[in-house]
Structures are given as C-alpha cells and as structure tokens.
Amino acid sequence: MSRVPTIVLGGTGYVAGELLRLIAAHPQLQLEGIMSDGSPGELVARAFPHLAPLYPDEQFKSQAQIEALLRQERAPAILAAAPHGVSARLIDALLTTAEKAGNAPRVVDISADFRYATAPAYEAVYGHPHGAPARIGQFTCAVPEHLRELTTPHVAHPGCFATTILLAAVPLLALDLVEPQLFVAATTGSTGSGRKPVEGTHHPLRHGDLYAYNALTHRHTAEIAACALAASGVAAHFAFVPHSGPYARGIHATVQAVLRRPLDTATLLARLTDFYAHSPLVQVGDSPPRLKEIVASCYARLSAVSDGQTLAVMSVADNLNKGAAGGALQWMNRLQGFPETMGLTAAAPGWT
Ligand SMILES: NC(=O)c1ccc[n+]([C@@H]2O[C@H](COP(=O)([O-])OP(=O)(O)OC[C@H]3O[C@@H](n4cnc5c(N)ncnc54)[C@H](OP(=O)(O)O)[C@@H]3O)[C@@H](O)[C@H]2O)c1
C-alpha cells in the first residue's frame, strides 16, 4: 500500500516542526508539502536545524503550490498548525480547491478555529468573525480517548491545556465520582506560546520563575467545559488557573473536586485504570506523574489520591506532542483507518 500524501500547514511554527518530526517516523504517512506563509522557498532545515537529517532538501511551499498538490492527490491528509483566526479561512480555501478537483482530503486542525459548535460561540471568546462558519459542522472536537464513534470527515484537536486537563476530568464526571465543580491548576512550558518571542515568554523573565496568568478567565476554559460535556454528558464548572513554568515542554495539571460519595485512593486508581484500559497512550500509576516521563512523547500519565471527601488527579502531557502534533496524528490515524497509535509509541527520552 502506498503511503498517504500528507500536507502540513503552519510552516516555521513549533507545532509544525513537531509534526514533521513525527511524520518522518510514521510508516504510512509521506510528507508531500509543508506550507509557509512567511518563508516559501526556504529550506525547512533552516527553520528546524534539528530536522536537517530528516529533511535535508525539503523547501517550504506557498499556498499556491499546496493548492496545486491538492488538485492532484485524491485523498491526502492535511495537518493544520496555523494560528487561530487564520486556520479556518486557509483550510476552507484548500478544501474548496481539492473538492473542485473531485478530491477528498481529511483534515485535523490543531488551532482553536473549529473547536466550537457555532460561529457565535467562537466569536464570543476570540473577538473576531469565524473564518469559515459553513465548515464548522464538518469538524468534531474531542480528545481521541474520549470519542469512539466519529461522525464528521474532519477533526479539531482540543489543544494542549485541554487535553491534559480533560484526561483527568472526564472520567471523574463520566463515572459520577465528583460534584460538577472542578478546580484546576495547570503549568505549561514556554513552547506553549509558540515561536514568536513576546515579553511574557522571554527567557530571562521566565527562567527560574513560576507565575499564574489569566486566573479563572483563560480563553480555553469554555473549550474544556464544552469537550467535558460532550465526552461525559455532565455540564461542569471548571475553575482554571494556568501557570507559566520555567521549562520549554510539557504541561502538569492538578484537578481537584469534592467526591459525591466516599472513595479511597486504591478504588479511585482502579476506576481510572479501568476507564483507560483500552487507551494505550494514557497510563495510570500510583505515584505522582512527572514531566520527564512524557516530554517529547505522545504518552500522558495520570495518578490520583483521595482523602475520603475530596480527590486530586494529577495529569501530565507534552504540549507539542500529545497536546498538539501527536494527538493530531492519533486522530489522523483513525481518519485513515490505521491503528490509532501508529508511529506514536516511542517512549519519552527521560532526560531532556
Ligand atoms: N504550542 C503549543 O504547545 C500548541 C499546543 C496546542 C495547539 N497549538 C496551536 O497550534 C497552532 C500552532 O501553534 P505554534 O505554537 O506552532 O505557533 P507558532 O510557533 O507561533 O507558529 C505558527 C506559525 O503559523 C504560521 N503563520 C503565521 N501567520 C500565518 C498566516 N497568516 N497564514 C498561514 N500561516 C501563518 C507561521 O509560520 P510561516 O510564516 O512559516 O507560515 C508561524 O510560525 C496554533 O493555532 C496554536 O494555538 C499550539
């Protein structure tokens, strides 16, 4: 069987770089082109020197070059890592070109553009008109572990904070273990803010420091609550306090809630283990999970404790991999009919 021709959007961005690294190791995907808005014609290895051994001669393509590819390829994979507010319009243009040629790409979008069920819901949070409202119904937003039957041709990845938090929160709600008010503290590394340096992500400010930002007002809170409702059937309130951590990769989330009825730690761990029994990329253990156990991998790790009245679930995932590129490839595997974990099972390096 020939490999699926694969298009990457998001050019010189961090998530696009991680997509390229993972695609090179994937047995059934073949990079066909990577689009760059700002650097078409430049060598990929210039933007990503660590990928030079994998892509010594590959050049970034313009949108016109990508559209030419989409006229030729019958059923390519598109992995989109463009900024929100750009992604929907770009994906719509590319899908329209492909469809006019009689082709049917499958898309996984890693931006926030297709995470909401309606354009007004998106516009209320992001403050600008949605780029392709007619396409919203073609996308489903979910963590792959939380949705078995996919009914749309395309998928919206829920994002890095959302993935890490939902992996902890959804079993608690779906199994009716807790009151539907969840208190979440989560810390992300600096790659979560993307390649373009801004004051808040500048190394001297961030290194050796730890601070909260957008406490209880972070824009991803509504996306997390919507995904939790779709996955568990429970409308829960998420009190979310994000933090900036002094490291490059990984998210650590602690989700706390009041138990509906007494439950000891051993039983709680058994319920979580059971919930993820058929999810090989999610591991439940009895010791607090650490970032070094998952950084640069597509694995997430959970652990939990109960004091009989309340519980705390700790969850770790790599923001660029499981929380973006790897999670998107996990969805693309399913869209293509491949085993869900294909190309994604390499262990974390451990010392990063
Ligand atoms: N970083 C994370 O941990 C993470 C996790 C989950 C989801 N996400 C989402 O994934 C997407 C990419 O994130 P990132 O961290 O890789 O961001 P990034 O490092 O800032 O990269 C985004 C890239 O998009 C391209 N771009 C900018 N303007 C564009 C335009 N008008 N048209 C087309 N492309 C444009 C740019 O590359 P070119 O100029 O070369 O095209 C830019 O380098 C975002 O939507 C983000 O919210 C990020």
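The following exchange between a trainee and a mentor concerns the sheets, helices and ligand shell of a predicted model.

Trainee: How are residues numbered, and which pLDDT do local features need?

Mentor: Residues are numbered from 1 along each chain as its sequence is written. This is a predicted model, in which totals for chains, interfaces and linings use all residues, side-chain atom pairs count only at pLDDT 80 or more, and local features need pLDDT of at least 70.

Trainee: In the open sheet of 6 strands, which are the edge strands?

Mentor: Strands (E, at least two residues) and helices (H or I, at least four) are DSSP runs, numbered from the N terminus. Two strands pair if DSSP finds at least two bridges between them. The order of this sheet is β2-β1-β3-β4-β6-β5, with parallel pairing. Pairing on one side only marks the edge strands, β2 (29-35) and β5 (139-141).

Trainee: Which residue in β2 stands opposite Thr6?

Mentor: Strand β1 (residues 4-9) runs parallel to β2, and 6 bridges join them. Across this pairing, the residue opposite Thr6 is Leu31.

Trainee: What angle does the direction of helix α3 make with that of β2?

Mentor: Contact here requires C-beta atoms, placed from the backbone, within 7 Å. Angles run from 0 to 180 degrees between N-to-C directions, and axes are lines fitted to C-alpha atoms, for helices over the stretch in contact. Helix α3 (residues 63-72) packs on the sheet and touches β1 and β2, and its direction makes with that of β2 an angle of about 145 degrees.

Trainee: Which strands does α10 lie across?

Mentor: Helix α10 runs at about 160 degrees to β4 (106-109). The strands that α10 lies across are β1, β3 (77-80), β4 and β6 (154-156).

Trainee: In the sheet of 7 strands, how many bridges does β10 form with β13?

Mentor: This open sheet has the order β8-β9-β7-β10-β13-β12-β11, with mixed pairing. Strand β10 (residues 251-258) runs antiparallel to β7 (residues 181-188), joined by 6 bridges. With β13, β10 pairs in the antiparallel sense, and the number of bridges is 8.

Trainee: Which residue takes a positive phi in the hairpin of β12 and β13?

Mentor: Strands β12 and β13 pair in the antiparallel sense over 7 bridges, and Leu302 has Ser315 as its bridge partner in β13. The hairpin has 3 residues between the strands, and the residue with a positive phi, near 95 degrees, is Gly308.

Trainee: Why are α6 and α8 described as oblique to each other?

Mentor: The axes of α6 (residues 160-174) and α8 (residues 220-232) come within 9 Å. Angles under 35 degrees count as roughly parallel, over 145 as roughly antiparallel, 65 to 115 as roughly perpendicular and the rest as oblique. The axes cross at roughly 40 degrees; α6 and α8 are therefore oblique.

Trainee: How do the residues of the shell around the ligand divide?

Mentor: A residue is near the ligand if its C-beta atom, placed from the backbone, lies within 6 Å of it. Of the 30 residues around the ligand, Gly11, Gly13, Gly38, Ser111 and Gly194 come nearest, while the largest share, 3 residues, comes from α1. Ala, Val, Leu, Ile, Met, Phe, Trp, Tyr, Cys and Pro count as nonpolar, Asp, Glu, Lys and Arg as charged, and the others, Gly among them, as polar. The shell divides into 12 nonpolar, 15 polar and 3 charged.

Definitions and conventions
Two residues are in contact if their C-beta atoms, placed from the backbone, lie within 7 Å.
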